[in-house]
Amino acid sequence: MLDGFLKEITLFRGLDAEALRELQFVSVPFVLASGKALFVQGDEADGMYLLKSGVVSVARRLPGDESIELASLGRGSVIGEMGLLDRGRRSATATAVEDCAGYFISFARFEHLRLGCTGAAFGVMMCFVGEVVQRLRGLLREAEALIDESPEIAPGLRVSDVPHAHGAREDSGPLPRWEVLAQIPFLRRLTENELKSFVESMRALSVPRGALLFEQGADPEHCHVVIRGAVALSMVHEDRYVQVAILGPGSVVGEIALIDGMPQPFECIAREDTLLMTMHRSGFESLRRDRSPTAFKFFEAVTGDAVGLLRKINGHIAWMRPERQFRAEVSSSNHASDDRGYR
Amino acid sequence: MLPTTAGIDSMCRVLIYQGKPVGADCLLYRPDNSLIKQTHSSLMLDMFNLAGFGMTAWDPSSHEPSAPFRYHSPHIPIFDRNLKSLAEKLTVSTMIAHVRGVPYNEKVTIGEQNAHPFQFSGIPLAMAHNGDLHDFPLMRYSLLPYIKPGLAAQIRGNTDSEWIYATLLSRFDDPAEYHDSLATISAVAETFSIIHDVRRKHGISLCSPTNLFLSDGKILVAARYTFDFGCYDPEDPASVRRSTHKFLSLWYTTGSEYGLHDGEWKMIGGAVDADSVIIASEPLTRDTSTWLEVPEYSACYLERIDNRRHFRVKYLPILHI
């Protein structure tokens, strides 16, 4: 029944029997007639859908009121999970192309799993974060392909315009007092004891403005929590930085590569004079095995940040696609010597 | 949830438009998150903006089209019948409009002279500012060496915004001339560099958002920028909590026509053929699906290509590595 169906879903293949049972407990059936929307872009996310039958089309609106289809999804698909992970707004509209049925996990019911910090909740979260990272790398490949087709659509700084300052240095000074740390996003979620224990496992790192924290393509060695200041994550493509995101206090940096064990997808430079807490890969793996409340909250922050990056890249691609088409039209127009006139 | 700037002391709301002529009330009043509504129920701020309103707008069909309509008032715009009446009659091809937000205390000066956008006499370029330079009274007069005397003499108010404007204008050899978008962006970058230096000389290094909106009726430039983003007072836990850890927002939408379409206020006509743009502190509608964020630390502008206006982004350099 549902248990058997859950085992079909690729996203949940790593879950054990207990985790699948807990997921089953929070899932409620839904049906949807052809032509109706599961959810609309811009709505506040309230849960995710597991599709058992039917087909759903996922499309995104763009400036100028155009729409592009992102995916056509069938049996075994998970739809709308991003909103569940960061409680953001729906980034696309999902519409039933034919009559659909499946299961809905509401945010409220998922919270029930989450607040218990159960092994099941941890397992589900790690499945999600792995999925998000995989999707993120796919979007980066798509962005690179768009830039390859039309290099002028990449508006970033030239690599030669960003001479790296002296590199990061291990700070011999103390971190801010724990009363200060306790006010920073993500660290705010930890209890006093959890925070003190978490901080003890990290070391401080000062990174001056313009300094390189890690290169794109580097092997994953560390992840960092921004304590003060900000870093820029960029794709390096040909001779340009394509800025993807700016991450301020409370953000986790460098974790994408640690999650899937592949090279760093981004270059990371300090955009401001920045103080970080740094964790070696071994500490990250230890937390992944740990499943303590601290580990759970840390990976919640990691998941939320990863979803944030996914949203950012989606935004960039939403701008790049029409830009590429515009450039192609201009180029074609120039070749044809056709006077379009002013619009 | 949309990102908010909860916790900061004051923050204005601004919009800039350029494109096909459109009724001013279609930007100021009628959308469900219009600029005037952001006075009291902003989607992305947990505060009121009660310190006045200003607008500078160009109508190519008006008498002396290069000279804009200007309206500034220290009053709360939602109660301003004159503004509503004016907005219902005015058709604009370019507009900068601003609702002013200030801390709720007696130290603030409310007055017409502090209303944005600023436009000095004889100068075509107007500017509005969304943000707050931390400890500005400490550094104000250190900007004087960077401001042409004739422009300094025109400063009437006491806002950081007007001083930023005067410093920016002074980057041009002749501020009374028209300048293209890229020259204006260079002036913006140079102004930020000067402000950064002056802040450092005074030991000021706390987070200070500085979004700018500029137009002379011909060009449109907006910048999304913050000095020392993420930098709070490490000795004061309360200041950490008060500090915003989200980059001050700036959004845009493009298309070939803006208006009420299928019951929704939006741009239509696609992004490829877009020649109209709205750039604003936050989207003008609760449905944000046709809006995108302007990248952090960047300037955006309209570029003329093949007689079409086209939205472009230019990243600003990292200061003083």
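**Exercise 1. Work out how helix 6 and helix 7 of chain B pack, and what touches what**.

Step 1: geometry. Helix 6 (residues 160-169) and helix 7 (residues 181-201) of chain B pack at an angle of about 120 degrees, and their axes are 9 Å apart. Axes here are lines fitted to C-alpha atoms, for helices over the stretch in contact, with angles from 0 to 180 degrees between N-to-C directions. Helices (H or I, at least four residues) and strands (E, at least two) are DSSP runs, numbered from the N terminus.

Step 2: label. So helix 6 of chain B is oblique to helix 7 of chain B; under 35 degrees counts as roughly parallel, over 145 as roughly antiparallel, 65 to 115 as roughly perpendicular and the rest as oblique.

Step 3: contact (heavy atoms within 4.5 Å). Helix 6 of chain B brings B:Ile164, B:Thr167 and B:Leu168, while helix 7 of chain B brings B:Ala187, B:Val188, B:Thr191, B:Ile194 and B:Ile195.

A word on the source: this is a predicted model, where local features need pLDDT of at least 70 and side-chain atom pairs count only at pLDDT 80 or more, while totals for chains, interfaces and linings use all residues. Residues are numbered from 1 along each chain as its sequence is written, chains are lettered from A and ligands numbered from 1 in the order written, and side-chain values use heavy atoms, leaving out hydrogens and water.

**Exercise 2. Lay out the four-stranded sheet of chain A**.

Step 1: order. This open sheet runs 2-7-4-5 with antiparallel pairing (strands pair if DSSP finds at least two bridges between them).

Step 2: edges. Strand 2 (37-39) and strand 5 (67-73) of chain A each pair on one side only.

Step 3: twist. From one strand to the next, it averages 30 degrees.

Step 4: register. Strand 4 (residues 56-61) and strand 7 (residues 93-96) of chain A run antiparallel, joined by four bridges, and A:Val56 sits opposite A:Ala96 of strand 7.
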